[in-house]
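Please open the structure in your viewer, with the sequence beside it, and keep the selection tool at hand. The stops below are meant to be taken in order, each beginning with something to select.

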Amino acid sequence: MAARKTTATSDPTTRLADAALKRLANTPWQDLTLAAVARSARVPLADLQTICGAKPALLGLILSRIGGLVAARYRPERDSEVHDRLFDVAMCVFDVLAPHR
């Protein structure tokens with residue numbers, strides 16, 4: 001599967017998740033700040049705090065974003081075995097995360 005770039009969006013939740021993923025490529029989780037993510041996403045800090053209030057909720061946004069990208073991209077092969085589909089989903093997750101390494 002070829003890596004697909006995410007497009008700019010007006011949805012602040014998506015922008016926050018994408019900005020957090022981008023920052024996490026070079027910043028350890030413990031050093032990541034909500035203010036830095038808000039700045040990168042071009043979302044007012046007050047809006048970020050309304051949307052996700054704390055870093056654990058930001059992690060939820062990130063996981064939801066990854067799950068959504070995987071769900072949009074993954075298409076199971078017809079009549080494939082369960083373990084093959086599971087492996088394919090795992091590989092799709094890696095493909096989605098590859099641009100954020």
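What follows is a walk through the model, from the overall fold to single residues.

Before selecting anything, bear in mind that this is a predicted model. Begin with the whole chain in cartoon view, where the protein shows five helices and zero strands, so that reading along the sequence gives the pattern α-α-α-α-α. Taken along the principal axes, the C-alpha atoms fill a box of roughly 50 × 25 × 20 Å. If you colour the 101 residues by accessibility, the buried ones make up 31% of the protein.

Next, select helices α1 and α2, which cover residues 12-24 and 34-41 respectively. Two packed helices are described by the angle between their axes and the distance between the axes. Here the angle is about 115° and the axes are 8 Å apart, which makes α1 roughly perpendicular to α2. If you turn the view so that one helix lies in front of the other, the way α1 passes α2 is a right-handed crossing.

Stay with the same pair of helices and select Trp29, which sits in the loop that joins α1 to α2. Is this side chain buried, partly exposed or exposed? With a relative accessible area of 32%, Trp29 is partly exposed. Now add Leu59 and Leu63 to the selection and switch on the surface, since together with Trp29 these residues form a nonpolar patch there, with about 280 Å² of accessible area between them.

For the next stop, select Arg65 and Asp18 and show their side chains as sticks. These two residues form a salt bridge, in which the closest N and O atoms are 2.8 Å apart. Arg65 belongs to helix α4 (residues 55-73) and Asp18 to helix α1, so the pair ties together parts that are 47 residues apart in sequence. Both partners of this bridge, Arg65 and Asp18, are buried. The count of salt bridges comes to one.

Now move to the loops, where two residues deserve a look at their backbone angles. Most residues other than glycine have a negative phi. Select Arg42, in the loop between α2 and α3 (45-52), where phi is near 55°, a positive value in a residue that is not glycine. At 73% relative accessibility, Arg42 counts as exposed.

The second of these residues is Asp79, which you will find in the loop between α4 and α5 (82-97). Although Asp79 is not a glycine, its phi is positive, at about 60°. Asp79 has a relative accessibility of 75% and therefore counts as exposed.

Finally, keep Asp79 selected and add Cys92, whose place is in helix α5. How far apart are the C-alpha atoms of Cys92 and Asp79? They are separated by 19 Å, with the two residues 13 apart along the chain. In contrast to the exposed Asp79, Cys92 has a relative accessibility of 0% and so counts as buried, the cut-off for buried being under 20%.

Conventions
Residues numbered from 1 in each chain as written. Predicted model: local features only at pLDDT ≥ 70, side-chain atom pairs only at ≥ 80, totals over all residues. Heavy atoms only, no water. Patch = residues over 30% accessible without salt bridge, like charges linked within 9 Å, V, L, I, M, F, W, Y side chains within 5 Å. Areas by Shrake-Rupley, 256 points an atom, 1.4 Å probe, with all protein chains shown as cover. Salt bridge = Lys/Arg side-chain N within 4 Å of Asp/Glu carboxyl O. Helix = DSSP H or I, 4+ residues; strand = E, 2+ residues; numbered from the N terminus. Buried < 20%, exposed > 50% of the residue type's maximum accessible area, 1.4 Å probe, protein only. Axes fitted to C-alpha atoms, helices over the stretch in contact; angles between N-to-C directions. Parallel < 35°, antiparallel > 145°, perpendicular 65-115°, else oblique. Left-handed = near helix turned anticlockwise from the far one by under 90°.
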